[in-house]
Amino acid sequence: QVQLVESGGGLVQAGGSLRLSCAASGRAFSSYVMAWFRQAPGKDREFVVGISAETRTYYTDSVKGRFTISRDNVKSTVYLQMNSLKPEDTADYYCAATFGMLIRTLTREYEYWGQGTQVTVSS
């Protein structure tokens, strides 16, 4: 089993920045595809960004140029640097992991999930 714990959420003004962290427990972190999803009130959970074991990345269009995903295999941690935040970024953010080589974008394709961390962006 893999356990994921997110942190770093909070309240920020539009245009501000936050850095989310996802700490993983497990022996094969470097082999996982990691991703961030988010879920706004009343909406479905949606893919934000993913990173492969080869550090290839894929971002949803709405965050390109503003968000950056990275991973530290020594610390078994994945990060999400969020800059130029907008009110529409407000959501619960979830870290997810799965085995494989491809970056997957559907919730059902991920086996392991964190508990989520809240991000609120005020206008």
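**Notes on the disulfide, sheet and cores**

1. A good place to start is Cys95: at 0% relative accessibility, this residue counts as buried. Please keep in mind as you read that the model is predicted.

2. Cys22 shares that setting, since it also has 0% relative accessibility and counts as buried. The two cysteines, Cys22 and Cys95, form a disulfide with their sulfur atoms 2.1 Å apart. Cys22 sits in strand S3 and Cys95 in strand S9, so the bond ties together parts that lie 73 residues apart in sequence. What is the handedness of this disulfide? The torsion about the S-S bond is about -80°, so the disulfide of Cys22 and Cys95 is left-handed. If you were wondering about further bonds of this kind, a search of the whole structure finds one disulfide.

3. Next, the sheet. Four strands make up an open sheet in the order S1-S3-S8-S7, and their pairing is antiparallel. At its edges are strand S1 (3-7) and strand S7 (67-72), each of which pairs on one side only. On average, neighbouring strands of this sheet are turned by 15° against each other, direction ignored.

4. The pairing of S1 with strand S3 (residues 18-25) ties back to the disulfide. Five bridges join these two antiparallel strands. Glu6 stands opposite Cys22 in S3, and Cys22 is the disulfide partner of Cys95.

5. Now for the interior. In soluble globular proteins, nonpolar side chains tend to be buried together. Here, the largest nonpolar core has 30 residues, and Leu4, Met34, Trp36, Phe67, Met82 and Tyr93 are those with the most contacts inside it. Among the strands that each supply at least two residues of this core are S3, S7, strand S8 (77-82) and strand S9 (91-99). Strand S4 (32-39), strand S5 (46-51) and strand S11 (117-122) likewise each supply at least two. A second, separate core has six residues, including Val33, Phe37, Ala96 and Tyr110.

6. Finally, have a look at Val12, which lies in strand S2 (residues 10-13). Is Val12 buried or exposed? At 13% relative accessibility, Val12 counts as buried, because the cut-off for that is under 20%. Leaving aside neighbours within four places in sequence, Val12 is in contact with Ser17, Leu18, Leu85, Thr120, Val121 and Ser122. Val12 and Ser84 are 72 residues apart in sequence, while their C-alpha atoms are 10 Å apart in space.

Note on methods
Residues are numbered from 1 along each chain as its sequence is written. This is a predicted model: local features need pLDDT of at least 70, side-chain atom pairs count only at pLDDT 80 or more; totals for chains, interfaces and linings use all residues. Side-chain values use heavy atoms; hydrogens and water are left out. Two strands pair if DSSP finds at least two bridges between them. Axes are lines fitted to C-alpha atoms, for helices over the stretch in contact, and angles run from 0 to 180 degrees between N-to-C directions. A nonpolar core is a set of buried Ala, Val, Leu, Ile, Met, Phe, Trp, Tyr and Cys residues joined through side-chain atoms within 4.5 Å. Buried means under 20% relative accessible area, exposed over 50%, partly exposed in between (1.4 Å probe, protein chains only). A disulfide is a pair of cysteine sulfur atoms within 2.5 Å. Contact means heavy atoms within 4.5 Å.
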